[in-house]
Amino acid sequence: MVSAGIRSGRPVEETLQDLADAVVRQTGFGVAALKVVQDDGNLRMVALAGPDDARAELVGKVTRRANVDHLLSQAVPWGELRYLPHDQQLEGDYVWTPRFTVGEEPDAWHPEDGLVAPLYGPEGGLIGLLSVDL
């Protein structure tokens, strides 16, 4: 479905929305968001699968590249993914915090924790981020 969208010449945002929807359907996460690097180097949220209030708050918002680079440098590698503990998030970025009760286990997920997959192009440069939650 996503590869068909790429080949069809559809707007890239529609194809990326299909990808975010597929991530939610296939992985069990409740939210998947895609940011892409713009010509100025900053990242713009172009697609989000999940709650309507998250879409309304985040789609179209721009995050400074310096903030993304800092977060990725501070993140804990989980294979190809990067875990962002809630105490290392940067203020001033656009975030959506899900509402749920933190479990009592020592490693319980916190509503402000983050999990991202940096997306790299063929030459190795960052082209986007896939974030998941819930």
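This report walks through the fold of one protein chain, from its overall layout down to single residues.

**Overall layout**

The structure is a predicted model. Its chain holds four helices and seven strands. Read from the N terminus, the elements follow the pattern α-α-β-β-α-β-α-β-β-β-β. The chain has 134 residues, and buried residues make up 39% of them. Some contacts link residues at least 6 apart in sequence; of these, 47% join residues at least 24 apart.

**The sheet**

The seven strands form an open sheet. Their order across the sheet is β3-β2-β1-β7-β6-β5-β4, and the pairing is antiparallel. Strands β3 (62–63) and β4 (76–78) stand at the edges. Each has a single partner strand, so one side of each is left without a neighbour in the sheet.

The table lists strand pairs with their bridges and one example of residues that face each other.

| Strand pair | Bridges | Example of partners |
|---|---|---|
| β2 and β3 | two | Arg44 and Val62 |
| β1 and β2 | six | Ala32 and Ala49 |
| β1 and β7 | six | Ala33 and Ser131 |
| β6 and β7 | six | Ala117 and Leu130 |
| β5 and β6 | three | Leu84 and Gly114 |

Two of these pairs are hairpins. In one, β1 and β2 are joined with five residues between them. Gly41 sits in that turn and has a positive phi of about 95°. In the other, β6 and β7 also have five residues between them. There the turn contains Gly124, with a positive phi of about 95°.

How much of β1 and β6 is covered? In β1, five of its seven residues are buried, so by the cut-off of under 20% relative accessible area they count as covered. In β6, five of its seven residues are buried too.

**The helices on the sheet**

Helix α2 covers residues 12–27 and lies across β1 (31–37), β2 and β7 (126–133). It runs at about 50° to β2. Is its length as expected for a helix, or not? The 16 residues of α2 should span 22 Å at 1.5 Å a residue, and its end C-alpha atoms are 22 Å apart, which agrees. Several α2 residues are buried: Thr15, Leu16, Gln17, Asp18, Ala20, Ala22 and Val23. After α2 comes Gly28, whose phi is positive, near 90°.

Helix α4 takes in residues 65–74. It lies across β1, β2, β3, β4, β5 (81–84), β6 (114–120) and β7. Its angle to β7 is about 65°.

**The nonpolar cores**

In soluble globular proteins, nonpolar side chains tend to be buried together. In this model, the largest nonpolar core has 13 residues. Ala20, Ala32, Leu34, Ala47 and Leu130 have the most contacts inside it. Elements α2, β1, β2, β6 and β7 each supply at least two residues of this core. Apart from it lies another core, of nine residues. Val68, Leu71, Leu72 and Val116 are among them.

What does Ala32 touch, beyond residues up to four places away in sequence? Its contacts are Ala20, Val23, Val24, Ala47, Leu48, Ala49, Leu130, Ser131 and Val132. Of these, Ala49 is also the bridge partner of Ala32 in β2.

**Two residues up close**

Lys35 belongs to strand β1. Is Lys35 buried or exposed? At 13% relative accessibility, Lys35 counts as buried. Its side chain makes a polar contact of 2.9 Å with the side chain of Thr63. Leaving out residues up to four places away in sequence, Lys35 touches Leu43, Arg44, Met45, Thr63, Ile127, Gly128 and Leu129.

Glu112 sits in the loop between β5 and β6. At 41% relative accessibility, Glu112 counts as partly exposed. Glu112 and Pro85 are 27 residues apart in sequence. In space, their C-alpha atoms are 7.5 Å apart.

Methods: Residues numbered from 1 in each chain as written. Predicted model: local features only at pLDDT ≥ 70, side-chain atom pairs only at ≥ 80, totals over all residues. Heavy atoms only, no water. Pairing = 2+ DSSP bridges. Contact = heavy atoms within 4.5 Å. Axes fitted to C-alpha atoms, helices over the stretch in contact; angles between N-to-C directions. Expected span 1.5 Å × (residues − 1). Buried < 20%, exposed > 50% of the residue type's maximum accessible area, 1.4 Å probe, protein only. Polar contact = N/O pair within 3.5 Å; in protein donor to acceptor, adjacent residues only side chain to side chain. Core = buried A, V, L, I, M, F, W, Y, C linked by side-chain atoms within 4.5 Å.
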